[in-house]
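Colleague: I am new to reading models of this kind. Could we go through this one by question and answer?

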Amino acid sequence: PSADLNQSTRSDFSVNTNESSVNLGRYGPGNYFGEMALISDLPRSASVISRGKSILLSIEKKSFRELFLSDQKVLAEFQLRVLQDKAELSHLLSHPKGLAAFRQFLETSLANENLEFWEDCNAFRQSTFSSITDLNNAANAIYDKYCKEDSAEEVNIPSILRTALQDKIGNNKLSLDMFEDAQKEIYKVMSQDNYKRFKASQDFTSFFEQLGIVLNK
């Protein structure tokens with residue numbers, strides 16, 4: 001948030017395009033800027049220049065989340081409302097209704113194995129196994145279902161990751177984060193393919209309408 005000492009003071013905010021800049025508008029007393037930095041890891045897209053003496057109050061991302069958005073669902077709702085059509089896949093997956101809408105879209109297009117693998121990896125990592133046997137059985141179940149070549153729900157991971165998983169299972173090098181690299185790879189695939197198509201669909205627009213937001217496309 002920002003507050004100016006002089007009520008007539010204004011701050012310009014602009015974005016650079018090569019050697020020139022485009023003036024995007026002016027802020028006055030009580031306005032705020034930089035909220036995108038609190039909810040997204042995207043590069044900063046604009047600069048703010050004060051035209052007079054100002055008092056600025058700042059808060060960094062970690063403190064903001066601890067103070068206002070300690071609930072993951074509340075954080076996801078806030079992120080989606082601010083970012084709207086610029087929301088990242090991670091924001092959508094953290095929101096119960098967003099996750100449900102994305103799952104329905106994938107099921108309709110017969111491409112839901114990526115999301116199922118991603119969810120099963122999360123469940124595996126957060127599980128408490130009573131024995132090594134239970135851990136081994138769970139790891140084998142995920143591998144056989146999604147990572148084994150020619151399995152019905154095989155996901156597209158690089159052969160080097162597949163081989164690494166085979167080694168971990170075959171040599172009892174088991175751990176709760178053993179699928180982490182494969183999960184990150186599938187997240188990347190979903191973000192670049194499945195989510196891109198979802199954003200171009202009516203389902204994406206309909207989801208935001210459920211939140212009371214009309215997207216300007």
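Modeller: Helices (H or I, at least four residues) and strands (E, at least two) are DSSP runs, numbered from the N terminus. This is a predicted model, in which local features need pLDDT of at least 70, side-chain atom pairs count only at pLDDT 80 or more, and totals for chains, interfaces and linings use all residues. Residues are numbered from 1 along each chain as its sequence is written, and side-chain values use heavy atoms, with hydrogens and water left out.

Colleague: How many helices and strands does the chain have?

Modeller: Both kinds of element occur in the secondary structure of the chain. The count is ten helices and five strands.

Colleague: How far apart are Arg-81 and Glu-77 in helix α3, in turns?

Modeller: Arg-81 and Glu-77 form a salt bridge, with their closest N and O atoms 2.9 Å apart. A salt bridge here is a side-chain nitrogen of Lys or Arg within 4 Å of a carboxyl oxygen of Asp or Glu. An α-helix has 3.6 residues a turn, so residues three or four places apart point the same way. Because Arg-81 and Glu-77 are four residues apart in helix α3 (residues 72–83), their separation is about one helical turn.

Colleague: Is Arg-162 buried or exposed?

Modeller: Buried means under 20% relative accessible area, exposed over 50%, and partly exposed in between (1.4 Å probe, protein chains only). Arg-162 meets Glu-154 in a salt bridge of 3.4 Å, N to O, and Glu-154 is partly exposed at 28%. The relative accessibility of Arg-162 is 10%, so Arg-162 counts as buried.

Colleague: Which residue meets Arg-197 in a salt bridge?

Modeller: Arg-197 lies in helix α9, and its partner lies four residues away in that helix, about one turn. Arg-197 is partly exposed, with a relative accessible area of 34%, and the partner is partly exposed at 36%. The N to O distance is 3.1 Å, and the partner is Asp-193.

Colleague: What span should helix α6 have at 1.5 Å a residue?

Modeller: The expected span of a helix is 1.5 Å times one less than its number of residues. Helix α6 (residues 113–125) has 13 residues, and its end C-alpha atoms are 18 Å apart. That agrees with the expected span, which is 18 Å.

Colleague: What covers the buried residues of α6?

Modeller: The buried residues of α6 are Asn-114, Leu-115, Phe-117, Trp-118, Cys-121, Asn-122 and Phe-124. Cover is judged by contact, meaning heavy atoms within 4.5 Å. What covers these residues includes α4 (89–93), α5 (96–108), α7 (132–147) and α9 (180–199).

Colleague: How many aromatic pairs are there?

Modeller: Rings of Phe, Tyr and Trp (its six-membered ring) pair if their centres lie within 6.5 Å; planes under 30 degrees apart count as stacked, over 60 as edge-to-face and the rest as tilted. By this rule the number of aromatic pairs is eleven.

Colleague: How many residues apart in sequence are the parts that Phe-102 and Phe-198 tie together?

Modeller: The rings of Phe-102 and Phe-198 are edge-to-face, 5.5 Å centre to centre with 65° between the planes. Since Phe-102 lies in helix α5 and Phe-198 in helix α9, the pair ties together parts whose separation in sequence is 96 residues.

Colleague: Which residues do ring pairs link into a cluster with Tyr-195?

Modeller: Tyr-195 and Phe-204 have ring centres 6.4 Å apart and planes at 75°, so this pair is edge-to-face. Tyr-195 is buried at 4%, and Phe-204 is buried at 1%. Ring pairs link Tyr-195 into a cluster with Phe-102, Phe-105, Phe-198, Phe-204, Phe-207 and Phe-208.
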